Amino acid sequence: MNKFVIVISTAIFVLGSSFAMASGNKESSLPYMSAQDILNKMACEGKKDGEKIKDRVDGEMVTCPAKIKNPKK
């Protein structure tokens with residue numbers, strides 16, 4: 001009987017976990033940001049408005065505060 005309970009609880013855990021992972025967190029209220037935008041935002045921290053930084057991905061100059069280039073809607 002104990003083995004049966006363990007098997008059932010393990011199956012419920014595995015199925016529940018896979019459904020949660022497959023959902024892709026579609027309910028998130030956070031805005032989409034690409035990795036490039038996140039790196040630029042991090043590089044602008046501590047800098048004054050109007051200062052220029054070099055983009056770490058494509059090398060172009062970005063003026064702080066960094067703007068999100070690739071909004072996905």
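**Exercise 1. Placing A35**

In which helix is A35 found? Decide also whether A35 is buried or exposed, and state how far its C-alpha atom lies from that of V57.

*Solution.* The structure is a predicted model, and every value below is computed from it. Step one is to locate the residue: A35 is found in helix α2, which covers residues 35-44. Step two is to apply the cut-off for exposure, which is a relative accessible area over 50%; because A35 has a relative accessible area of 58%, the residue is exposed. Step three is to look across the sequence: A35 and V57 are 22 residues apart along the chain, and their C-alpha atoms are separated by 9.1 Å.

**Exercise 2. The overall layout of the chain**

Determine how many helices and strands the chain has, in what pattern they follow one another along the sequence, and what percentage of the residues is buried.

*Solution.* Begin by counting the elements, which gives 2 helices and 2 strands. Reading along the sequence then yields the pattern α-α-β-β. Of the 73 residues in the chain, buried residues make up 14%. The surface exposed by the chain comes to about 6400 Å², and carbon and sulfur atoms supply 62% of that area. Finally, consider the contacts between residues at least 6 apart in sequence: 25% of these join residues at least 24 apart.

**Exercise 3. A nonpolar patch**

Identify the residues that form a nonpolar patch on the surface, and explain why I8 is classed as partly exposed.

*Solution.* The patch is formed by M1, F4, V5, I8 and I12, which together have about 570 Å² of accessible area. To place one of its members, note that I8 lies in helix α1, which spans residues 2-22. The class called partly exposed falls between the cut-offs of 20% and 50% relative accessible area; I8 has a value of 39%, and therefore belongs to that class.

**Exercise 4. Two aspartates with low accessibility**

Work out whether D37 is buried or exposed, do likewise for D55, and name the side chain with which each makes a polar contact.

*Solution.* Take D37 to begin with, a residue that lies in helix α2. Its relative accessibility is 2%, and because buried means under 20%, D37 counts as buried. The side chain of D37 makes a polar contact of 3.1 Å with the side chain of S34. Now turn to D55, which is found in the loop between β1 and β2. With a relative accessibility of 3%, D55 also counts as buried, and its side chain is joined to that of Q36 by a polar contact of 2.8 Å.

**Exercise 5. The disulfide and the bond that follows C64**

Find out how many disulfides the structure holds, which cysteines are joined, and what kind of peptide bond links C64 to P65.

*Solution.* A search of the whole structure finds 1 disulfide, and this joins C44 to C64 with an S to S distance of 2.1 Å. The pair links distant parts of the chain, since C44 is in helix α2 while C64 is in the segment after β2, 20 residues away. The angle about the S-S bond is -85°, and the link of C44 and C64 is left-handed. Both C44 and C64 are buried. The next step moves along to P65, which is found in the segment after β2: C64 and P65 are joined by a cis peptide bond, with omega about 0°. By way of background, most peptide bonds are trans.

**Exercise 6. Contacts of D49 and M61**

State which residues D49 contacts beyond four places in sequence, and which residues M61 touches under that restriction.

*Solution.* D49 is found in the loop between α2 and β1, and its relative accessible area of 67% is the reason why this residue is exposed. Leaving aside neighbours within four places in sequence, D49 is in contact with C64 and P65; the C-alpha atoms of D49 and P65 are separated by 5.8 Å, although the two are 16 residues apart along the chain. M61, in turn, lies in strand β2 and is partly exposed, with a relative accessible area of 48%. Not counting residues up to four places away in sequence, M61 touches K52, I53 and K54. As a final step, the C-alpha atoms of M61 and E51, which are 10 residues apart along the chain, prove to be separated by 10.0 Å.

Terms used:
Residues numbered from 1 in each chain as written. Predicted model: local features only at pLDDT ≥ 70, side-chain atom pairs only at ≥ 80, totals over all residues. Heavy atoms only, no water. Patch = residues over 30% accessible without salt bridge, like charges linked within 9 Å, V, L, I, M, F, W, Y side chains within 5 Å. Areas by Shrake-Rupley, 256 points an atom, 1.4 Å probe, with all protein chains shown as cover. Salt bridge = Lys/Arg side-chain N within 4 Å of Asp/Glu carboxyl O. Helix = DSSP H or I, 4+ residues; strand = E, 2+ residues; numbered from the N terminus. Buried < 20%, exposed > 50% of the residue type's maximum accessible area, 1.4 Å probe, protein only. Contact = heavy atoms within 4.5 Å. Polar contact = N/O pair within 3.5 Å; in protein donor to acceptor, adjacent residues only side chain to side chain. Disulfide = S-S within 2.5 Å.
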